[in-house]
Amino acid sequence: MEKFLLSLSDAFGQAPYRVLKFKNFVLAGLIVMTAVMVYGIYTRTTLDMTTDSFLDDTDPAALALDDFREQFGSDESIFLVYRAKDGNVFSRESLEAAQQLTDDLRNWQSLDRSEYPESINGIPLVWDELSHIRRVQSIANLRYQESVEDSLLSNRLVPSALPEENAELGQIRGKALSLDDYLLAFYSEDAEYGAILIQTDFGTKPVEGFVSAVDAANVSLDDSFASFGDADSFDLEFSEDVEVQEIEFEAVDMLGYTSFHVMSKAIYEKYETQFEFFPVGTPPLMEFMLEMLSEMQVLGMILILIFTLLLWILFRSFSAVLWPLVTILLSIVWAWGIPAWTGVVLTTMISLTIMLIFAVGIADCVHVMSAYFSFRREGEEHYVALSHAYRKTGLAILVTTITTMCGVMALTTSDLAMIQVFGWTSAVGVFLAFFFTIVLLPILLDLWHPGDPDADASFADKLGKRWHRLQRNTKTAIAVVYFVAVFAILGLAIGAYIAVVTILTYVVVNWQKPILGRVPAITARHPYLIMAIFGAIFVSCLYGMSKIRIDSNMAELTREDSIIQRAYNVVDENMAGSQSMEIVINTNAVDGMMNPRLLQAVDELQGRIEARYPNEISRTNSLANIVKETNKVMNDDDPAYDRIPDSELMVSQLLYLFNSSNPEDRRALVSDDYSKSHITISAYNAGSYQYQAFFTEMEQEIEETFAGLDAEFPELQVTVTGSMAMMMRMADDLARSQYASLLLALGIISVIMIITLGSLQGGLLAMIPNLIPAVLSFGLMGLLGLPLDADTLLIAPIIIGIAVDDTIHFMTHYRIDLARTGSISQALISTIRDVGQAVMFTTMVIALSFALLSFSGHLGMAKMGFFGSIAIFFALLCDLFLIPAMIITFKPTFGVKNANTEIDFSKAVQA
Amino acid sequence: MRRNILGKGLVCLIAAGLLFPLQIIAQDLSAREIMEELEDNRRATSNSALSRMQLSTCKFGVREGKITCAERPRVKSLESVGKGYGTDLRDTRSVAILLEPAAERGIGMLSFIYDDGARDNETWLYLSALGRVKRIASGSSDDETEPGSLFGSEFTTEDQDTGKLDEYEINLLEETVEAGREVWKIETIPNEERARKSRYSRTVLYVDKERFVELRIEMYDQYGKEIKRMLGSRVEQMNGIWVARSTTIMNLVTNRLSNMAFLEMHTGIDVPDEFLTQRTLTDAAFRETELEKLRAQIN
């Protein structure tokens, strides 16, 4: 085994020479291929940004949702809650504004477009987006049924022409607050908040170019439509084999929702003098998510800037910055170009793939460059230093590539196509980063490489020397001015971040050698203490991990002061709640929903749910409510009739009345053949964990309530669905499977370590420092009571993969050195000296870059950025202290025969 | 004058004789005049008339080029009596009683439709199971209420509305051929006020040049998408009035259609004013006695 590893290392040492032999050929080939990839990216990329891509479309609840939309229309809407600035939504001014706004939204085509801005936040206004509006409901156009003498009146709650007298406005308010059906749905109990429900056709709009089957050439009515027999017979032919045209609905992406919400915002923001707005629903949420994405782009740019700056300061050479960047860029281009050319549909997760390639590429290049520089400083000339550097690091890079690939490939076991694609493209990307580091980097360094470190000092070197010539007092003064300026300009949070970056960089640049030099002695002196400290941390993190709660909560994905978070809170505190879900009832029997016993069961179920979850659910609504309400109204508002009548004939006629007066409302509530209907549940915002439990319990309630109807409705199906609830459920499933695949990846990595290190003992030893950073971030979150959500879990494997990489570098290097020198002490010292620097550099660059994500408005991202960089830093501590302490204590020989296990660093240094 | 004759339904007596000259006149008719002729003809079917109709509703599909019901249609049969009132008999009062299905038997609807756009149509509904009559706030009078469904079918009260032509811009688009007949293709676009009350932003009618019967109507929503289509078939003279005995409305969004078939239509019936009141809805005995009298007139 060790022979094989050594010859593999030698092969890596030869690699630069071989590549350089075919330099022009390789370079030309890469340039051509890269051009092809770029062309593919621009012309062939299929990017699916629809939210449906998150859903597994074979899930029964997802199918039920599709079915629901087809039957009852889109459930996507903007619930635009507003706070009347005068504290009363029933004041004359508030009512006028609400009337005007409702009218603007309904009749947007007649608005004067010159009164509106061209764009909001840089997003151009597209007026046609408003054609998604299907219906607008507000105080301004609500109606209530009233029975006055012989008339069944459907009166406006607020007349179009507002009454002159304020007393009458007071009466309207009184009436409104007495209407249970509208209270909390359209105004709060204290009348400070109101709401406008803007229903859309998202998800139910036929695809562009959809042609109705009746428009095909030579289509005409069946002959039976014109054939009259004698006066009493006219029968339309029918055949159940006739296929009803399936309408393919347009998928909606984030941009679609955003564009729609931004346009709506332009309309409603005109009324900001009167109202403060709190929009909730998918369109505003998607707008927020898209904002997060563009924020990520900004953070990405800063990240590259910091990364460049750090590399430059650490290596003090421009070529050492430029060429790694080019290598990484090429890996990204190829990793995107290949799926583009092969027709794979990409999702927004490609940004995560890019992040991963970026991190892995940095690690690969920094290890090579760091080794290269140390050889140059030892006096080797360029080619020799390059060859030595590859011999030293090549194997470790290969191993980290394989482990990271295995880690991301664990994701391909997911049921969701988007996660599978993410797994594959990331695996390809990680391999490409390795490939280009081996093949391209030597050629690039041949074109332009850092000069002799002693002879021609770089700009950074000169800057450093000048700084050191300064007086101590001057240095202190400059430092104080610098830190004050940083905090003054950037604020406390970002200022602190930059200060930490500065201090760490300063320390690493100036004292890396002394620090690394002292490490072996420290570990040799207190190996047990070190192991005890790390052991305690490991155990407490394991405990923390057992406490971790997997929970995705839409509102908690954002910071407390974010627009979305505030809107959700306002809606949950003052109105009927920001979430909704549906219970779909399919009797599979024509007119089944007219059955009084079934409707009574529906009514009972609603009562049970409302009683069981007073804190989670605000209200429910169904066909049963309509029947009860109509029954009462038709019987002079006698409360005794506020119930489902026992006679089917009566139910049928009450529904007849409802259908005659509100066919569209009826269609949104019950299918045309009265076989299917649904209960809408308004709920307060909750996390996926709670939802999941809720789903399960609800299914029990359903089972119990409808149990007695089996004989009458043998094919009765009752399913819980709804897009928000679905998203929650999916988020939870996703998080769980991610968590599982993460653990799987850790297992795989351990096995690879055992194989590479050539011994079970060594492999198991290496697993401990590998596991600590992984366990640390989850454990800390568990200890701090922070939930682990789906988004956080998506980037977790990336960060953990990177944290693990350095450990692998350390162990692999140690293993090779041990084989070479046959002495534990020597191998340890040279490993700490050589790999220590590279590990320090990569940790600095990657951890500090990821720490930047902590500033993201997306809390899932921020959490992982913060805990991830802690994990990466912790991995460094493990590499420098724990691994040596364990080696000193357990003296593993990794199968190297006759190894000298004596620990004596003074001798080793001399050797 | 011509309108009067048509309006009173007397045209039936001389229709054959007038056919030729009518066509000559027709060439010079403006789009508005065509619409008036059409509406007069429409009113004639309910003026002093007793009809028996059958409403069938089903989900539909297309098989071998034929639009066919994909499920057993739900069939409702009803009897309707109507009469013209007001200037030129342009207002219509009618009463319709459901005979089938059993669960809805006896449900009745009394409606007053006014030509004047400023005047609200009125509707009373009688639910036999409750034994109560209720006046339903009119759909067309108010900008926010949706038009009611006609006996639970795809036809809405708006589809049955007549008059109010002043509130539309009416354009003759072209003269063409539909279902083998020469037609005028006319579009009607509601003015802003009417548009707020209507589901349709534009309607395109294919009017038979000779018989003043719509052979096809396309209804477009506010975004210019065709949402409903009405097809008239089996155009024949019933009691001298050209009428599409079978009218089918297709909801292109939900793939459901409703067909209204005139099983019988008798005009020139002397309908007492008393019959077109709420008493007919609530008083079954009165209704039956009066209906018998009306039926007797046919024979």
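**Exercise 1. Pairing across the two chains.** Find the residue of strand E2 of chain B that stands opposite Ser220(A), and describe how the strands that carry the two residues are paired.

*Solution.* In this predicted model, Ser220(A) stands opposite Lys66(B) in E2(B). Next, turn to the strands themselves: E9(A) and strand E2 of chain B, residues 66–69, pair in the parallel sense over 2 bridges. Strands of a sheet pair through backbone hydrogen bonds, either parallel or antiparallel.

The contact between the chains can then be taken as a whole, with 48 residues of chain A in contact with 57 residues of chain B. On the side of chain A that touches chain B, at least two residues each come from strand E7 (151–156), strand E9 (220–221), helix H18 (648–661) and helix H19 (663–669). H18(A) gives the most to this side, with 9 residues. Sorted by class, the side of chain A that touches chain B has 22 nonpolar, 18 polar and 8 charged residues.

**Exercise 2. A hairpin in chain B.** Follow strand E14 of chain B, residues 256–266, and name the strands that are joined to it by bridges.

*Solution.* Begin with strand E1 of chain B, residues 49–63, which is joined to E14(B) by 10 bridges and runs antiparallel to it. Within this pair, Leu50(B) has His266(B) as its bridge partner in E14(B). Continue with strand E13 of chain B, residues 241–251, which is joined to E14(B) by 6 bridges, again with the strands running antiparallel. Here the bridge partner of Asn251(B) in E14(B) is Arg256(B). The last step is the turn: E13(B) and E14(B) form a hairpin with 4 residues between the strands, and in that hairpin Asn255(B) takes a positive phi near 60°.

**Exercise 3. A sheet of chain A and its helices.** Give the strand order of the open sheet of chain A that contains E13, and then place helices H16 and H20 on the sheet.

*Solution.* The sheet has 4 strands in the order E13-E14-E12-E15 (chain A), and their pairing is antiparallel. Its edge strands are strand E13 (617–621) and strand E15 (717–721) of chain A, each of which pairs on one side only. From one strand to the next, the twist averages 20°. To look at one pair in detail, take E13(A) and strand E14 of chain A, residues 676–683, which pair in the antiparallel sense over 4 bridges, with Arg619(A) standing opposite Ser682(A) in E14(A).

Now add the helices. Helix H16 of chain A, residues 596–612, packs on the sheet and touches strand E12 (579–586), E13 and E14 of chain A, while its direction makes about 175° with that of E13(A). Helix H20 of chain A, residues 688–706, also packs on the sheet, where it touches E12 and E15 of chain A, and its direction makes about 160° with that of E15(A).

**Exercise 4. A further sheet of chain A.** Explain why one side of strand E5 and one side of strand E10 of chain A are left without a neighbour in the sheet.

*Solution.* First write down the order, which is E5-E8-E2-E10 (chain A) for this open sheet of 4 strands with antiparallel pairing. Strand E5 (133–137) and strand E10 (275–280) of chain A stand at the edges and have a single partner strand each, so one side of each lacks a neighbour in the sheet. Then examine one of the pairs: strand E2 of chain A, residues 77–84, is joined to E10(A) by 6 bridges and runs antiparallel to it, and Tyr82(A) stands opposite Phe277(A) in E10(A). Finally, helix H15 of chain A, residues 563–574, lies across E2, strand E8 (193–200) and E10 of chain A, running at about 95° to E10(A).

**Exercise 5. Two packed helices.** Decide whether H22(A) and H25(A) are roughly parallel or antiparallel to each other.

*Solution.* Helix H22 (residues 760–784) and helix H25 (residues 859–890) of chain A pack at an angle of about 150°, with their axes 9 Å apart. Angles over 145 degrees count as roughly antiparallel, and H22(A) and H25(A) are therefore roughly antiparallel to each other. H22(A) passes H25(A) in a right-handed crossing. By class, their contact has 18 nonpolar, 2 polar and 1 charged residues.

**Exercise 6. One residue.** Determine whether Val26(A) is buried, partly exposed or exposed.

*Solution.* Val26(A) lies in helix H2 of chain A, residues 23–44. It has 17 C-beta neighbours inside 10 Å and therefore counts as partly exposed. Leaving aside residues up to four places away in sequence, Val26(A) touches Val19(A), Val439(A) and Ile443(A).

Terms used
Residues are numbered from 1 along each chain as its sequence is written. Chains are lettered from A and ligands numbered from 1 in the order in which they are written. This is a predicted model: local features need pLDDT of at least 70, side-chain atom pairs count only at pLDDT 80 or more; totals for chains, interfaces and linings use all residues. Axes are lines fitted to C-alpha atoms, for helices over the stretch in contact, and angles run from 0 to 180 degrees between N-to-C directions. Angles under 35 degrees count as roughly parallel, over 145 as roughly antiparallel, 65 to 115 as roughly perpendicular and the rest as oblique. A crossing is left-handed if the near helix is turned anticlockwise from the far one by less than a right angle, and right-handed if clockwise. Ala, Val, Leu, Ile, Met, Phe, Trp, Tyr, Cys and Pro count as nonpolar, Asp, Glu, Lys and Arg as charged, and the others, Gly among them, as polar. Two strands pair if DSSP finds at least two bridges between them. Two residues are in contact if their C-beta atoms, placed from the backbone, lie within 7 Å. A residue is buried if 20 or more other C-beta atoms lie within 10 Å of its own, exposed if 12 or fewer, and partly exposed in between; C-beta atoms are placed from the backbone.
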